[in-house]
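Me: I've got a model open and want to go through it. Can you take a few quick questions?
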Amino acid sequence: MLVLGIESSCDETGAALVRDGRYLLSNVVASQIEIHNRYGGVVPEVASRQQIAAIIPVVETALAQASCSWEDVDAIAATYGPGLAGSLLVGLTVGKTLALARELPFLGINHLEAHLYANWLRPQVDAAIAAPIPQEEWRYQSGDPLFPLICLVISGAHSEIVLVRDHGDYELLGRTRDDAAGEALDKVARVLGLGYPGGPAIQRMAQQAEDAYAQQKKSVKKARNVYRLPRAWLRGTYDFSFSGVKTAMLHLAEGATDAAHEHEDGKPSTQYTRYTRMGEQAAQTGAPDIALLAAGFQEAIVDVLAVKTRMAAQEYQVKQVILAGGVAANLSLRTRMLQELQPLGIRLSYPPIDFCTDNAAMIASAAFFHLSLGEHHGMDLDVQPGLSLPFRK
C-alpha cells in the first residue's frame, strides 16, 4: 500500500510517499526556520501563509522524487491535530481535496501518534529492494519495534511517557505538569542569547563545553555539573516539571548581569535565590561561560527524562523503549538513555534525526497501520489544534 502523507501542523510543510508503513520512497520538507528565527519563535499567521505558498510544490516534488504518478497512490493522509489551527487547515484541506478528486481513501492523522511511527521508517535504500508486504502480515515485520514498549514523547509542546501495548493501544503513565522539555530548551536558549530553535543551539554549546574539558583532560561529567541545577523528581509519579529548572536558569543569568540589581526604592528587581547568587559569583571571575551554562541546563533536562523513562520500562517489563518528537534528536539524551537501558537488556530505538522533527513520512507511516485496521475519515473531518493521543480511559 502506497500512502501519500501531508504534514502542516506548525512551520514545516511536508509531503512523503511511504510504502507499507515502512519503506520511504520520498520525503520533502519546506522549512520556515529562517523566517521565524528573527522573531525568536513561530508566528502562527506567518506560518499558515507560508504553508499555502509551499504545499502544492512540495506535494508535486514528493511525487517526482518517488517516480510515482497519481495512479500509483493508494491512499492520502494529512495531519489534523494537534498544532496551529491555520497551518493544520492548509494541509488537511489539500489532503481531503486531493483524495476527493482522485477518489482515494482519506485518513486524518494525529501528529503526536505519527511521531511514534517515525520509528517504523526504513532508509530509502531499503524501499528499492523490499518486496511488498502481504496484507495479512501488516502488523509486524523484522526490524519493527517490539510490543509492549515505552515511548518517551518529547517535543516543544509535549513531554509524556506512554505505554504502548499494540498499534493504537496507548496508556498515559506520566506527562509534564507545566513546560514541555522542548519549550524549556527554547526559552532558556533565548535567555542565553542562542537563538531559535533552542534545542539544537543548547546542544551545540553544551558540546563545546564538553570538548573543551576533554581537551584539558578533565572529566566531561564535570562540565555538565559546573552549574548544578535543580531536578523536579516528583517521587511516586512519572510526571515531569521543567518550570523550576527554567526559572533557576533565569535567576542565574540575571545574577550574572545587572538584571538583579536594586531599584531606586532599594528593593531587588527580581526574586533573589541561590541561583541568582551563583550567577553573581560567576560574574566576579569574568563573564559566565555560556557553554557551561548550556551544558548544566541540558544535563538537568536529560537526567530526569532518562531516569524516569528507565523506571517506567522496568516497572512495566517492556521489551523496548522508543523516543519520539523533536527532542529525540538530542544526542546527549540518546547516549544517556542507552546507558540507562543497556544494562537491563532493554532495546532502545529512535528515528534518524531528519525524522525526529516534523515530517510527512511519519504521517504516511501511521496512516498505513490505521488503514490496515479498516479506518478512514470522511470529508467532514475538521482540525483539532488541542488533540492528544487516544489514551485508554
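Me: What volume does the second largest pocket have?
Reply: About 210 Å³ (a pocket is an open set of points on a 1 Å grid over the protein atoms alone, where a 1.4 Å probe fits, with protein on both sides within 12 Å along at least five of seven lines; volume is the space filled by probe spheres on points joined across faces, edges and corners). This is a predicted model: local features need pLDDT of at least 70, side-chain atom pairs 80 or more, while totals for chains, interfaces and linings use all residues. Numbering starts from 1 along each chain as its sequence is written, and side-chain values use heavy atoms, without hydrogens or water.

Me: Which residues are closest to its centre?
Reply: Glu210, Arg224, Glu299, Ser332 and Thr335, out of 13 lining residues (an atom within 4 Å of a point).

Me: Which element gives the most to that lining?
Reply: α12, with five residues (helices are DSSP H or I runs of at least four residues, strands E runs of at least two, numbered from the N terminus). α12 spans 331–341; α7 and α11 (290–315) also give two or more residues.

Me: And the largest pocket, what volume?
Reply: About 1200 Å³. Of its 45 lining residues, those closest to the centre include Gly156, Asp186 and Asp358. α6 gives the most, six residues.

Me: Switching to the sheet: what's the strand order?
Reply: β3-β2-β1-β4-β5, open and mixed (strands pair if DSSP finds at least two bridges).

Me: Which strands stand at the edges?
Reply: β3 (23–31) and β5 (106–110); each has a single partner strand, so one side of each lacks a neighbour in the sheet. β5 pairs with β4 in the parallel sense over five bridges, and Phe106 in β5 is the bridge partner of Ile76.
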